[in-house]
Amino acid sequence: MDALILARMQFAANITFHILFPTISIALGWILLFFRWRWLVAGTPEAKQPWLNAYRFWTKVFALSFALGVVSGIVMSFQFGTNWPGFMEKVGNIAGPLLGYEVLTAFFLEAGFLGIMLFGHGKVSERVHLMATFFVAFGTTLSAFWILALNSWMQTPAGVELIDGSYHVTSWAAVIFNPSFPYRLAHMLLASLLTCAFLLIGLSAWQLLKGSAQVSAPKVLRVGLTIAALAIPVQIVVGDLHGLNTLEHQPQKIAAMEGVWETERGAPLLLFAIPDDKARTNHFEIAIPKLASWILTHQADGEIKGLNEFRDAHPPVLPVFWAFRIMVGVGLLMLATSWLGWWLYRRTGWQAERLPQRLLWLFAAMTFSGWVATVAGWYVTEIGRQPWIVFGLVRTTDVASNVAAPLIALTLALYVTVYAALIVAYVAVLKYMAEKTEQVIADAAVEEAATPAGAITSPVVSRSFR
Amino acid sequence: MNVMSFDTALPVIFMALMGLSMLVYVVSDGYDLGVGMLMHRASPEEKDVLIASIGPFWDANETWLVLGIGILLVAFPKAHGLVLGELYLPVTLMLIGLILRGVAFDFRVKAKATQKATWDRLFFAGSMLASVSQGWMLGRYVSGFGEGWNYPLFAAAIALALPMAYVLLGACWLVMKTEGELQQRAARWARIAWAPMVGGLILISMATPWISATVRERWFTLPEVIALVAIPLTTAALLLAVRVLLTKRLVLASVSWLPFVLLIGVFVLGFLGLAYSIYPYVVIDRLTLWQAASSPAALKVILIGVCISVPAIAAYTVFSYRVFRGKTGELKYA
């Protein structure tokens, strides 16, 4: 394999691993704020207890996810230079300030206040602690804002001019609020919300199945199901709008997603196919007539441009085509699960112990469905941008590093090994925590009484106000 | 005397900011990496205290590295590519070290009790790997990525010396943050790390002028040499004071913070010396900071953000250290 492919695989491995954890921490920060608020406003100790437990348990999940996000984020800041040295030379004037603002405004806000959020309860006033929790949640969202501004600019660049081989900004408003930015930001924030919702649903179901559920589990399950049931239809609408936006600005990406080779009116929706880049055709097609045109143009005989119009400037079709189907498929599963689950749960009068076992197993199976859909969606949009690194302006081949292929292969193997092990460890620890919920929460309560600061990365929540 | 125009001064401002970030990183992550490398010497109960002493800080400490590398990336893109291309493998190893220790930190208390020892070992190994890699990178960077037998040897020496400096810093941090038997042992660890750290510092000071003609001229010409001699002299005085303090009973009581603070002074002076050697290069003898800088327009946009956020970052960093001040063992929740 050549160095370019290896460099891309390495970058993809890193960014794939990284995005798993911000996807959780962006929305989980706000959900924690919600738990904390419910606990504060609840009237009686009995009413407070579930929210206190939920806050304690989920803060641990948050701390773990956040730590993994931070360390893999550090890798990202290095790999821009090691893998794509030409990227910053060509578009550094745009990417630089956006990344700089992300670090300055968001990264420090999160990392600085996380210490107080995790270890500071009792050392600071209730209000300061609540504010720290808010700043952490706000910081993660602000971070997403800057990163998605840059990513969207790379997809639909605007507001720049070329001077002496590098790009200079003519309008920052045009750069940040580039054509695809609002859609992509909304799509990603909703993806984060859904990922978290299914994590709440899945782990709560696991607690109920394993008999480790505390008073908090039924409440958390209800919160998760409600968020999911409300967010998934919104996500489908936003996804559709995002698709229309892509059709306007990046028609070759849409052509790859739909496996359309020749420009046609009334294009069919392919349910199954094996696109073949060499033969420039699809094998084993199963299709619904005219549906792709209808979805994308909202007209049965709307025109969709084919890949053959973009001979050497379209992405590899197979991965984009299938990643798109995986994303949509998981999304539909989420819709079915959350609506069915919410309806059945409501029929029991929110009595979790009366839920059928098979439904709980379905919930548990869907625990990490958000990760699958999110990663598949990112593959669609990022592979779909190829062969450009900045769509229409800079090709990926022009910015690659000259590091030798074997060296990249070696470090790639190192990263993949470490990341695979860490994902296994992360999932195993979440499972372990869900099975020992009582102990996890009790530990937190004991720590609260007398532990050295920071001995345990725990939610330090005190019932006694100072 | 000619005054620089604002556009010409911008890269200098960013160089100073980058230097400041890297200095804060080296000192702050330095002590927590040092504590990490002392893990294997501690008993299981002491391990919890060690971790506790750095718990609230390490996340923010590592963020300074992201800021430093971030400024290199956004303000000096050409240098970012050159430096990180040269340091490709050690950068990877450092990152893997940082990943392992960062996650071990969180996993050790959440995993099954039987796996805790494994995560502790990973925490130690990650801290060591990151520190050694950083030492190697510093050695390679200071010597301008030179080829030949002497350059890698020099880098290898720094790769051993920098971890020792971190261990010394970490041990002094523990002298400040702990008490009782652990504090006494931390003082002993600090005394052990002192000699190799000083040796490394002498080596780097001798070898840098030997390896680079630019540095030699800068330091050993009259009359500058008379003014400059203050830097090594003050450094030597501070280091001797640390060594003497570490043997006194006093350090276990009222002035337990003093060795740590004096050591920060050593790091600051070392940094100033290094900055004086390198300026105005980003990569010594190869790339000046003006050659490597982004356009003034882009730098101005970033500068606005810097002016607003850096004071805020400084403020809440100070706030966080105030909240978690005092001995780790004494700190209680609620």
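Reader: Why are helix 8 of chain B and helix 11 of chain B called roughly antiparallel to each other?

Author: In this predicted model, the axes of helix 8 (residues 180-211) and helix 11 (residues 230-245) of chain B cross at roughly 165° and come within 11 Å. Angles over 145 degrees count as roughly antiparallel, and therefore helix 8 of chain B and helix 11 of chain B are described as roughly antiparallel to each other. The crossing of these two helices is left-handed.

Reader: Which residues in helix 8 of chain B meet residues in helix 11 of chain B?

Author: On the side of helix 8 of chain B they are Arg191(B), Trp194(B), Met197(B), Val198(B) and Leu201(B), and these meet Thr235(B), Leu239(B), Leu240(B), Val242(B) and Arg243(B) in helix 11 of chain B. Sorted by class, the residues of this contact divide into 7 nonpolar, 1 polar and 2 charged.

Reader: What makes helix 7 of chain B and helix 12 of chain B roughly antiparallel to each other?

Author: The axes of helix 7 (residues 150-177) and helix 12 (residues 258-278) of chain B cross at roughly 150°, and they come within 8 Å. Set against the cut-off, by which angles over 145 degrees count as roughly antiparallel, this value places helix 7 of chain B and helix 12 of chain B in that class, and they are therefore roughly antiparallel to each other. Helix 7 of chain B passes helix 12 of chain B in a left-handed crossing. From helix 7 of chain B, the contact draws on Ala165(B), Leu168(B), Leu169(B), Cys172(B), Trp173(B) and Met176(B), while helix 12 of chain B supplies Pro259(B), Phe260(B), Leu263(B) and Phe267(B). By class, this contact has 10 nonpolar residues, no polar and no charged ones.

Reader: What makes helix 6 of chain A oblique to helix 11 of chain A?

Author: Helix 6 (residues 181-209) and helix 11 (residues 357-365) of chain A pack at an angle of about 135°, with their axes 7 Å apart. Angles over 145 degrees count as roughly antiparallel and those from 65 to 115 as roughly perpendicular, with the rest oblique once those under 35 are set aside as roughly parallel, so helix 6 of chain A is oblique to helix 11 of chain A. The contact includes Trp206(A) of helix 6 of chain A and Trp361(A) of helix 11 of chain A, and by class it has 9 nonpolar, 2 polar and no charged residues.

Reader: How do you know what helix 1 of chain B reaches against the span expected?

Author: Helix 1 (residues 6-37) of chain B has 32 residues and reaches 44 Å from its first C-alpha to its last, which is close to the 46 Å expected at 1.5 Å a residue. Helix 1 of chain B nevertheless bends by about 30° at Gly30(B).

Reader: Where in chain A is the cis peptide bond?

Author: The cis peptide bond joins Gln386(A) and Pro387(A), with omega about 5°. Pro387(A) belongs to the loop between helix 12 (369-383) and strand 7 (388-390) of chain A.

Notes
Residues are numbered from 1 along each chain as its sequence is written. Chains are lettered from A and ligands numbered from 1 in the order in which they are written. This is a predicted model: local features need pLDDT of at least 70, side-chain atom pairs count only at pLDDT 80 or more; totals for chains, interfaces and linings use all residues. Side-chain values use heavy atoms; hydrogens and water are left out. Helices (H or I, at least four residues) and strands (E, at least two) are DSSP runs, numbered from the N terminus. The expected span of a helix is 1.5 Å times one less than its number of residues. The bend at a residue is the angle between axes fitted to the seven residues ending there and the seven starting there. Axes are lines fitted to C-alpha atoms, for helices over the stretch in contact, and angles run from 0 to 180 degrees between N-to-C directions. A crossing is left-handed if the near helix is turned anticlockwise from the far one by less than a right angle, and right-handed if clockwise. Contact means heavy atoms within 4.5 Å. Ala, Val, Leu, Ile, Met, Phe, Trp, Tyr, Cys and Pro count as nonpolar, Asp, Glu, Lys and Arg as charged, and the others, Gly among them, as polar.
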